[in-house]
Amino acid sequence: MKAFRTFLTIFVIFHFAFCICVNLPAQKVALVLSGGAAKGGAHIGVLKALEEKHIPIDYIVGTSIGAIIGGMYASGYSPDEIEKIMSSEEFQRWASGTLDDKYNFYYRREDPNASWITTRFDFRRKITSILPTQLLKTYEIDLEIMRIFSSANAVSKGNFDSLMIPFRCLVADIDSSQQLVFAKGDLSASIRGSMSLPLFFNPLEINNKLVFDGGIYNNFPCDVAIREFKPDVIIGSRVARRYKKADKDDMISQLLTMLMERQSDTIAYPNSVMIVPSIPQISLLDFSHTSELADSGYVSTMRKIKDIRALVRDTPDYKSMAARRATFNMKKPVLQFDSIIVTGLNNTQSAYIRQLLKHGKRTITFDELCNEYFRFLDEGFVKLVYPTAKYNVATGFYDLYLDITQANNFSAQFGGNFSLANTSEAFLELQYKYLWTKAFRFYVNGYFGRVYSSAKLDGRVDFNSKIPWFAEIAYTYNHFNYFRNTTFFFDDKNPGYIIGQEYFGKLAVGVPVTMTGKLSLGVNYAFTNNKYYKNNQFSRNDTADQTSFAFVSPMLSFDLNSLNRKQYPNSGVRLLVKLSYINGIESMLPGSTTTNKNDVVQGHDFFRLHLLYDNYFESFGPVRLGFYGEGVISNQPLFSNYLSSLLYASAFQPLPESQTFFLPPFIANSYAAVGMKVVLRIFKKVEYRLEGYLFQPYQEIKQNSDDFSAWYGQKFSDRAYMASTALVYHSPLGPVGITLNYYDKMADKFTLNFNFGFIIFNDRAMP
């Protein structure tokens, strides 16, 4: 009887305990992810470890980088998928504001000039409006965030509780100086607003409120998790502390310290576990360390699993989590667009964009959108654009909303070159762009220097049909004064006086050929005049010889260019093929120092084929090699005398400084030249360059014993060498370089110079 009572007691106790366990409500666990910019990569390892150890995550709250990672996890991305995205070179590029090279449309690119900075302005607005609102361009990251989150937003219908995991996102409302918590709305816009780090990314306007990075007012939002979800357990992952003291030598840290409030970075909640991964010192937007940060987050979480298990009893298995994720992802509609709604522009401009993006197609894919989207941005009519994709249940496709802030129509460019020699010059360009049913661009520029001066007026219209094309008309004046170009080493050039002038108009049409190439057909009508003495022995009372050449020149060119810089590039390739026909009249008026006093008037017609190939190969550690090849094939005849024949022949000028000198050993009507380049990266933006070139004329232009007329040397009998060594720093404004150049067969073969800026000229009259 006693044994029976004991058994009955045990049975009742176990039955009572079982009933309690069955009727216990399920535990709810909230995960809180802090801000911390690139350091947030550690959050990925936290998610990995929690999922691996079957720790349930019922809610996610994130701010800044925590909003991005938490939002991706809540939207059905696995930790491995998130790490793959954030550790990719593409994500690093998005975060740095660098546009993918495949979206650089060369045929829209303006001719290279000597500008350092460009500023846009509006005469109707105050001067402070020209200042940029962000340091980085967000065009590509905005579009990618739309791609990553729009399909999950479609499944949840804009309700963040209906995501795979209920989610909250924080932003900072600047006007009210308080945080805003988003529980519904557009998911991609909410997350993009939460990551709008001041100074780096432009703020976003959401619900008529201008919002910045959520970390400004709450960088570790455990209080939001408590208030929004009332969880049983909170797990926090904190990857950054508040800015405590500004660095006196760092302006960015000073401004961020002023903007960001002092906040608590602990969890004031009884059932909670804090994970603080070990984070190395990295810059704010350096996502190249994402994988190692994820490892740190994983290790730190594993060390806390025992503490977490003391609070969390539920253990969902991996298969159920994977099935839950797969079920959610299967509901996501494919990102395909059938309608485009533009705000911020007038009706004509909006129609232009819709035509450009769709080209009459009923629907377009995301990849098709990207190509045309960045092509439009490359036109320069947009200051800011924010894309939003909204799923339309009725059509089964997405509506694309583009909120555009138009760039000011007027812009100014400033630049030039500062040199210890006489190659210094100033550059100024004023530009006006207007978007209508076509894209219009007009500009006028000027170079002002002792050796080179120029003025150019240019107008271009872009026609954005399915195969885009452009029409351009320009008028250019160039003035070269080699008499003034003396350096420490070129003190006694012979001849000592050459002044050249060019006046020419150009009409051209062109089409793109691949993303980095263009094919153009044009015609130049030019008048050129050169004044010169046959040597440097002349007085103030002497008059110079004078040769004029008026000509018309139709031309066809193919230009492919992916070089990364307009001067001193270290990657990419350029291929130029230009065929031109020149027909004109030469007029020669002899000066007082010439024994032959007969005027000369004669006609010339000839063709000229110009080939150029410039290629930089893959890096070998910090070293990159380059190959340069150039050639001209022409049946151009000699002009009336030796100097005029040189002045109208083709010059080989591969070095920036070589454009500023008159170098007879490197001039010929037909020639071939090859060169090798070695670029050694010393620091991130400091390079050492070594270049060497061989110039081989088909026939050298030689001077007769009368010091006046010209004749051809034997075929391939003469050649010359050119070399350069330079230490170059690529500053935000332009290159700063110390160069030592060698020119074979010159009286003084070496030049040593310091330059800050660009040695770039307007187009020449002779194509």
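This report describes selected helices and strands of a predicted model.

## Helix H8 and its surroundings

Helix H8 covers residues 222-229. Its buried residues are Cys222, Val224, Ala225 and Phe229. Viewed along the axis of H8, these buried residues lie within an arc of 155 degrees, so they line one face of the helix.

The buried residues of H8 pack against five named strands: E1 (29-33), E2 (59-63), E4 (167-173), E5 (178-182) and E8 (233-237). Lys230, just after H8, has a positive phi of about 45 degrees.

## The packing of H3 and H4

Helix H3 spans residues 65-74 and helix H4 spans residues 79-86. Their axes are 9 Å apart, and the two helices pack at an angle of about 135 degrees. An angle over 145 would count as roughly antiparallel and one of 65 to 115 as roughly perpendicular; H3 and H4 are therefore oblique to each other. The crossing of H3 past H4 is right-handed.

Residues from both helices make up the contact. On the H3 side are Ile65, Ile69, Met72 and Tyr73. These meet Pro79, Ile82, Ile85 and Met86 of H4.

## A mixed open sheet

Strands E11, E10, E13 and E12 form an open sheet of four strands, in the order E11-E10-E13-E12. The pairing within this sheet is mixed. Strand E11 (364-365) and strand E12 (382-392) are its edge strands, each pairing on one side only.

Strand E10 (residues 336-343) and strand E13 (residues 397-406) run parallel and are joined by six bridges. Within this pair, Ile341 stands opposite Tyr401 in E13. In a regular strand, side chains alternate between the two faces of the sheet.

## Strands E24, E27 and E28

Strand E27 (residues 671-681) pairs with strand E24 (residues 623-634) in the antiparallel sense, over ten bridges. In this pairing, Lys677 of E27 is the residue opposite Gly626.

E27 also pairs with strand E28 (residues 686-697), again in the antiparallel sense, here over eleven bridges. Arg689 in E28 is the bridge partner of Val679. The connection from E27 to E28 is a hairpin through four residues. E27 thus has antiparallel pairings with both E24 and E28.

Definitions and conventions: Residues are numbered from 1 along each chain as its sequence is written. This is a predicted model: local features need pLDDT of at least 70, side-chain atom pairs count only at pLDDT 80 or more; totals for chains, interfaces and linings use all residues. Side-chain values use heavy atoms; hydrogens and water are left out. Buried means under 20% relative accessible area, exposed over 50%, partly exposed in between (1.4 Å probe, protein chains only). The arc is that of the directions from the helix axis to the C-beta atoms. Contact means heavy atoms within 4.5 Å. Two strands pair if DSSP finds at least two bridges between them. Axes are lines fitted to C-alpha atoms, for helices over the stretch in contact, and angles run from 0 to 180 degrees between N-to-C directions. Angles under 35 degrees count as roughly parallel, over 145 as roughly antiparallel, 65 to 115 as roughly perpendicular and the rest as oblique. A crossing is left-handed if the near helix is turned anticlockwise from the far one by less than a right angle, and right-handed if clockwise.
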